[in-house]
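These are my notebook entries on one protein model. I looked up its domains, the surroundings of its ligand, and a few single residues.

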Amino acid sequence: MKNLKELITSTRTFRRFRQDVPVETETLLELIELARLGGSARNAQPLKYAVCNKPSINERIFPHLGWAGYLTDWSGPAEGERPTAYIICLLDTTISTEAECDLGIATQNILLGATTKGLGGCRIGSISNKLHSALNLPPHLKILLVIALGRPDETVLLEKSEKGGGIKYWRDKDEVHHVPKRSLEEIRLPL
Ligand SMILES: Cc1cc2nc3c(=O)[nH]c(=O)nc-3n(C[C@H](O)[C@H](O)[C@H](O)COP(=O)(O)O)c2cc1C
């Protein structure tokens with residue numbers, strides 16, 4: 001069992017997966033159960049989740065997602081390294097008009113849970129507005145975020161960004177993905 005910092009540190013964004021390793025429906029339900037347990041403004045709980053691990057539906061979702069905007073020479077995971085499951089995070093607009101804080105809490109719970117199960121994923125906010133109709137979703141449900149999931153098949157390293165320096169993630173010649181994080185000194189405001 002990892003301690004909390006190790007768990008958070010290893011819960012990185014992964015964008016390349018073992019497409020031959022499925023994610024079971026039961027696992028997806030366990031992950032949205034973790035989302036269900038998270039905090040919610042006014043305890044309104046306006047988030048709903050559509051889970052998918054069927055290759056035929058995955059194929060309908062994938063073309064509507066935007067991957068890694070900073071990696072301009074990479075258009076996203078190739079066939080063979082694509083996510084094997086998705087959790088589509090939906091806002092029930094009959095309950096609330098926004099849920100950005102709830103969404104952060106819920107998706108972090110999901111991704112932390114995924115790490116404990118040997119899985120990993122990527123939150124995707126860059127979503128074509130055609131995804132809603134591609135999935136025949138009811139009009140009162142608004143897509144907020146898609147979490148792509150699977151067994152990660154890439155190495156991701158955190159590194160310290162220099163003060164005022166670059167925050168763009170990048171890939172080296174060995175295909176290792178580097179993620180600069182601002183230092184504690186830079187994010188702390190001493191009072
Ligand atoms: C709200 C949100 C939206 C994101 N949208 C995308 C996206 O559309 N496409 C993508 O490839 N990554 C997306 N990401 C992943 C970020 O690029 C990633 O979190 C960032 O590079 C830091 O890496 P880390 O998650 O490993 O710390 C998103 C992350 C968040 C929190």
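**Domains.** The domain bounds I use come from an automatic or database domain assignment. I noted at the outset that this is a predicted model, in which local features need pLDDT of at least 70 and side-chain atom pairs count only at pLDDT 80 or more, while totals for chains, interfaces and linings use all residues. Residues are numbered from 1 along each chain as its sequence is written.

I found two entries in the assignment: domain 1 (4–154) and domain 2 (155–191). Their C-alpha centres lie 24 Å apart. I then looked up the contacts, taking two residues to be in contact if their C-beta atoms, placed from the backbone, lie within 7 Å. On this basis six residues of domain 1 touch nine residues of domain 2. On the domain 1 side, I recorded three nonpolar, one polar and two charged residues. In these classes, Ala, Val, Leu, Ile, Met, Phe, Trp, Tyr, Cys and Pro count as nonpolar, Asp, Glu, Lys and Arg as charged, and the others, Gly among them, as polar.

**Ligand shell.** Which residues are closest to the ligand? I listed Arg-12, Thr-13, Ile-124, Gly-125 and Ser-126, out of 14 that surround the ligand; a residue is near if its C-beta atom, placed from the backbone, lies within 6 Å. By class, the shell has seven nonpolar, four polar and three charged residues. Strand β3 (residues 120–124) gives the most to the shell, with three residues. Helices (H or I, at least four residues) and strands (E, at least two) are DSSP runs, numbered from the N terminus.

Why do I place the ligand between the domains? Domain 1 and domain 2 both give residues to the shell, so the ligand lies between them.

**Single residues.** For exposure I count other C-beta atoms, placed from the backbone, within 10 Å of a residue's own: buried means 20 or more, exposed 12 or fewer, and partly exposed in between.

I located Cys-101 in helix α4 (residues 100–116). Cys-101 is exposed, because it has 12 other C-beta atoms within 10 Å. Cys-101 and Leu-137 are 36 residues apart in sequence and 23 Å apart in space, C-alpha to C-alpha.

I next checked backbone angles. Most residues other than glycine have a negative phi. Ala-68, not a glycine, has a positive phi of about 45 degrees. Ala-68 sits in the loop between α3 (55–61) and β2 (85–92), and is partly exposed because 18 other C-beta atoms lie within 10 Å.

Glu-175 also is not a glycine and has a positive phi, of about 70 degrees. I found Glu-175 in the loop between β6 (170–171) and β7 (177–181). Glu-175 is exposed, with 10 other C-beta atoms within 10 Å.
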